[in-house]
Amino acid sequence: MPFADALGPRRVRIGVTGLARSGKTALLTSIAANLLALGAGRPALPALAARLGGRRVRVATAPAAATGLPRFDVSRHLAALVADPPRWPERTEAASLLALDLDLPRAGLAASLPPRRLRLEFLDYPGEWLLDLPLLARSFAEWSAAALRRLEAPETAPVARDFLGFLRGLPAAAPGDETLAATGHALYRTALHRLRDEVGLSFLQPGRFLMPAPGPEPPWMAFFPMTGGGPLAGLLRARFDAYLQAVRRDLVSPLFGDLDRLVVLADVLAALHAGPAAFADAAAALGAASEALRWRRGWADWLGWETLEALLALRLPSFGISRVAYVATKADHVAARQRGNLAALTRRLTAAPREGVASAAFAVAAVRCTEDVVETLEGRPVSAVRGRRLPDGRMLRSYPGEVPDTPPDAAFWAHPFLDLPVFEPVRPPDVGRGGVPQIGLDEMLGFLLEDLL
Amino acid sequence: MSETETRPAEARHPAPFLRVEEAPAPRLEPVAPIALPEPRLRPRLPLTLIGATVLVVGLPALWAAGFVADQFARGAALGWFTLAIALLGLGLVGGAILRELRGLFRIATVDQLRDALASGDPARVRGAARRWARLVPEAGAVLPALDAVADPAAMLALLQAGPGAALRARADALGRNAALQAGAIIAATPSPALDGLAVGWRGLRLVRQVAALHGLRPGLLGTLALLRRTALAAAGVAATELAVNAAAHALLSNKLLQHVLGDVAGAGVAARRLVVLARAVGIACSPLAPE
């Protein structure tokens, strides 16, 4: 028995992150259903099966053990997809964990050895938290100046009027009063929620103001951007620094950090429809998230308690994220001919990760809901998609427009991209036990697990 | 088809559109059947075997009938006496054949139970568990708990943790016993040529013991069918190789046994094979998926 196996199954933690409504729940449901189907010998995930080269992998849901994270409820979400009429899985509001045990037969000369056990932990990592990483490189003054400049822009100022009014009313040397801090924080937080829900912006910081960590909220969360000096600014600066400490701690904590690989989801097609401002904002968020992945643990972190705890638990301390998959979701809303452009566009929107990190962009439909058709328009054949619209069940044929393979220019925005209808999912075969029809998910998993198969 | 929305576009690209089909359409099915269950090939008795069986059973029956008729021609008492002997003999043979067939059918019920347990339908899973409880008393203990849950996955987990684990432990114990006996037999066998025969005999007995543990009482044909299933289940045993290694190691670390087997080439291998065989037969006889 190889020495590494004697220490227990190898744990690989994959963070699945994306801003709200990017399709995290559907992706995790599809990953679980398809991997379990593959383990049961069903022909799901063909690209991954091809990488396995005929080896029969066994897949089972891992026991929850004693972690404090809620488990991702696969059966409930899968039941929604297989129901007749089907529903899309409900949004998950809190972080959750999907853990699967894989028994991988060895390849080559080691084929006669017992199979290798691998524990894949997919952590539903709030995308909002990823946007906190760029904060680590900023001071309170720099962040405050940038945040206020953004709030005062013409398209956001009306929504943030209450907060901006409060800020302007504060005296130059405002006292470090708790009531003032709490009031300003509540107004800023409301402005962030409205900017997300009403204006459709994504790049909003701090992320934990929009997606708080589970448990009671610590008092240092009550801060807001403020320029200038004085006791109140000093209090807010101290709280901002405490917030950054918590972000650093979460990054290496066994509960939320310790990620080995990352999947970053983005609804690029919806951003194309939303217009130039929303697209630029989503592109900035995606760029900042990928840029933040350049963040590397310092030597002080390596020598900390987390490393000691990992060694005591007989597992290697995390060496950081080694693979990143950038995924444009809902790829089945455009025809196969355009999915290459969608992946290329996603690739262009993300910064190249730091050296030693492999990255790739994919166009994925985790739960397929259309089929490709060819329509004739003014005598010319056009590749389109066909699917049943929810909730009325009418069959639609859709061609939302041409997907560019580079960030769109002014000419593109002259002819807006059509809104994407909500289609119902294709019926999963054998009540979900045969997996969930998908596009590109098998290639994405093949890339993420390439060095482990 | 009605056109609902069309926008102008650059000349090089067609204009975007969204069209509603007027005719109602059913829910989309997967384009290619990506995951149809693999059809199970049921073994069919070859015609030659059926013909041979008819001859083997039919001709003696005809011969016996003719002989009884001849005996009646010689005398009524002699005829009745011959008829009684013929009926007794043929009845015993028929009973044995029926028992063989029943053993075979019981093995086939394992497949039916597997299908039902994997159906995902709570009622079918519960029904299969009840039928299994008729074969295996250990399964009866979890029936009240099964009635209390509605999730098929939870029902399977209960069956695995209760009767599944108990049967595995008892099959492993039988395998260890057989391994000990095989080691002793090999050590006592005067000729190495007889070693294979001795271990083969013990292995066959082990197959029947583990089958009986699972409520199957196979005859000759049933044992042959079980051996075929065991060969197929051997792949599943690869997954439990670690556990088997540990069991064999624990067995062979017995000081006395090491002393006896240490000098007998192949005894350790034979013992280990019997431990593996017990696990493989257990997988073949159980309607639960191997862990």
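**Exercise 1.** Are helices α2(A) and α4(A) roughly parallel or roughly perpendicular to each other?

*Solution.* The structure is a predicted model. Begin with the two helices: α2 covers residues 24–39 of chain A and α4 covers residues 74–82 of chain A, and they pack at an angle of about 100 degrees with their axes 10 Å apart. Next, recall that angles of 65 to 115 degrees count as roughly perpendicular. α2(A) and α4(A) are therefore roughly perpendicular to each other.

**Exercise 2.** Find which residues of α2(A) and α4(A) meet, and describe their character.

*Solution.* On the side of α2(A) the residues are T25(A), T29(A), A32(A) and A33(A), and they meet V74(A), H77(A), L78(A) and L81(A) of α4(A). Sorted by character, the residues of this contact comprise five nonpolar and three polar, with no charged residue.

**Exercise 3.** Trace the sheet of chain A from edge to edge, and then examine the pairing of β3 with β4.

*Solution.* The open sheet has seven strands in the order β2-β3-β4-β1-β5-β6-β7 (chain A), with mixed pairing. Its edge strands are β2 (58–61) and β7 (358–363) of chain A, each of which pairs on one side only. From one strand to the next, the twist averages 20 degrees. Within this order, β3 (residues 97–104) and β4 (residues 116–126) of chain A run antiparallel and are joined by eight bridges, and D101(A) stands opposite R119(A) in β4(A).

**Exercise 4.** Which strands does helix α15 of chain A touch?

*Solution.* Helix α15 (residues 336–349) of chain A packs on the sheet and touches β5 (261–266), β6 (323–328) and β7 of chain A, while its direction makes about 140 degrees with that of β7(A).

Terms used. Residues are numbered from 1 along each chain as its sequence is written. Chains are lettered from A and ligands numbered from 1 in the order in which they are written. This is a predicted model: local features need pLDDT of at least 70, side-chain atom pairs count only at pLDDT 80 or more; totals for chains, interfaces and linings use all residues. Two strands pair if DSSP finds at least two bridges between them. Helices (H or I, at least four residues) and strands (E, at least two) are DSSP runs, numbered from the N terminus. Axes are lines fitted to C-alpha atoms, for helices over the stretch in contact, and angles run from 0 to 180 degrees between N-to-C directions. Two residues are in contact if their C-beta atoms, placed from the backbone, lie within 7 Å. Angles under 35 degrees count as roughly parallel, over 145 as roughly antiparallel, 65 to 115 as roughly perpendicular and the rest as oblique. Ala, Val, Leu, Ile, Met, Phe, Trp, Tyr, Cys and Pro count as nonpolar, Asp, Glu, Lys and Arg as charged, and the others, Gly among them, as polar.
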